[in-house]
Amino acid sequence: MERLRFEGGVPLTGEVKAAGAKNAMTKLLVASLLSDKPCTFHNVPDIGDVRVTVELCQEIGTEVDWDKRAGILHCQTKEIKTSYIPQRFSGSNRIPILMIGALLSRTEQDVIVPTVGGCKIGPRTVDFHINALTKLGAKVELREMKRERAYFAHAHEGLTGTMVSFPFPSVGATENTILAAVSAKGTTILKNAAIEPEIMELILFLQKIGAQISVDADRTVRIFGTRRFYETEHTVLTDRIEAASLGMAAIGTKGKVFVKGAQHTTMMSFLNKLRELGGGYTVKRDGIEFFYDGPMQGSLHLETDVHPGFTTDWQPPFTVLLTQATGASVVHETVYENRFGFTSALRDMGADISLFKQCLGGKYCRFGSCSNYHSIVVKGPTPSAGKALTIPDLRAGFAYVMAGLIASGTTTVSGVYFLDRGYEKIVEKLQSIGAQCERITDDEPARSPSPLKVAT
Ligand code: EPU
């Protein structure tokens, strides 16, 4: 079993490049299935979730040529060889469910897709996906066969444009419905759609390959059906979660790091909160420099939200930053009902964090009447001491990385698999900006604490 080992307290300094966005690239690969023409992607992150998605597409019939060093991926799906996604992809991530929309758009075959996985941060049901696809004319049902569960879907009469109004602006349900609607007859109108930068990226890519899609300021997305597609080339936007995470690690360790590729436009709500906290940053031509700008002032109220709000995926590392700021801050998680499990490990390390079932601070959210701890109060600054941690999910994983970088002494982190799903070459990147960290395996005893090997 692999673990990461950190010697904390070293300020991170230097320059590091943020990779292409996980939550865009995986969807772009699925979108490429709509067309039989070649697609070329640049800035492709070499991470676990992209590898799994590539395998998924290859299973269906996609030819893939991926130069991982150059970050360039060519793919083409001349024909759909099968629209049965094997059970081994069940639980791998959130991508298989999107195959329903894409495959129903491309083929009239029956589609069989295993149930989805992803981080355990709430029930993460797919009812909005199923309801929207059903409105477009698909028949979708969950069947159980010999202890295996899979969605069976078909649209033998074809899909027809319709109006869908989402109860909540779900990222995945918006994407799935857009993918299905691209080849539907007529126009599909999505109300209360999600408009995350990664969804805009998907829409831009679909437009390049031939789709006609418009987005209104009130979250209305209109898709005009088409079946004519074109060859295309696309550069994937930078991962705003990774960029912000690296920036927070720089500030949390009292360092200064230029995150190359970080895009101002996709990180506005994060930068506003960072400024409020007193974390330093300078937006430059080709990235953002993050730096410790003196003691951070907590006492702020942070509410996660759908875009353009503060994305929930920034929340776990931001919570770690709040443990280092003066005063009591409130964090209200309104996207997932169970995203504070990681705080118990932070408490063990010395953080002062209390959990609440109520909606603290601003608005009353969907979880107000549930019995889930979805608000916290963080009092800081608190010194923290290294511990052995086990990652429960991807973004909590980076929170633990930050905790290990900040804490005094040694921190070990297991469950590295989660980090590798979403952060490209995380150890090498952190080492390149001075972090004292390394990857160890359990049959290889941890070496004496310092000095650790640092890549140049
Ligand atoms: N929801 C439903 N029913 C549905 C769909 C969603 O109730 O049919 C609820 C979910 O349970 C959740 C909320 O709506 O409480 C938001 O879910 P959403 O569908 O927006 O999320 P997702 O598509 O499953 C993507 C990202 C997540 C990110 C969220 C929110 C991918 C692969 N995942 O998930 O990213 O947190 O949008 O922005 O794009 C991550 O990268 O670590 C990650 C968890």
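The exercises below work through aromatic pairs and charges over rings in a predicted model.

Residues are numbered from 1 along each chain as its sequence is written. Local features need pLDDT of at least 70 and side-chain atom pairs count only at pLDDT 80 or more, while totals for chains, interfaces and linings use all residues, and side-chain values use heavy atoms, without hydrogens and water.

**Exercise 1.** Classify the ring pair of F41 and F205, and place both residues in the chain.

Solution. Rings of Phe, Tyr and Trp (its six-membered ring) pair if their centres lie within 6.5 Å, and planes under 30 degrees apart count as stacked, over 60 as edge-to-face and the rest as tilted. The structure holds 10 such aromatic pairs. In one of them, F41 and F205 lie 5.3 Å centre to centre with 40° between the planes, which is a tilted arrangement. This pair links distant parts of the chain, 164 residues apart, since F41 belongs to strand β3 (residues 39-42) and F205 to helix α6 (residues 197-209); helices (H or I, at least four residues) and strands (E, at least two) are DSSP runs, numbered from the N terminus. F41 is buried because its relative accessible area is 0%, where buried means under 20% with a 1.4 Å probe and protein chains only.

**Exercise 2.** Describe the pair of F310 and W314 and the cluster that holds it.

Solution. F310 and W314 are 5.3 Å apart centre to centre, with 75° between the planes, and form an edge-to-face pair. Both F310 and W314 are buried. Ring pairs link these two with F270, F290 and F318 into a cluster.

Definitions and conventions:
Buried means under 20% relative accessible area, exposed over 50%, partly exposed in between (1.4 Å probe, protein chains only).
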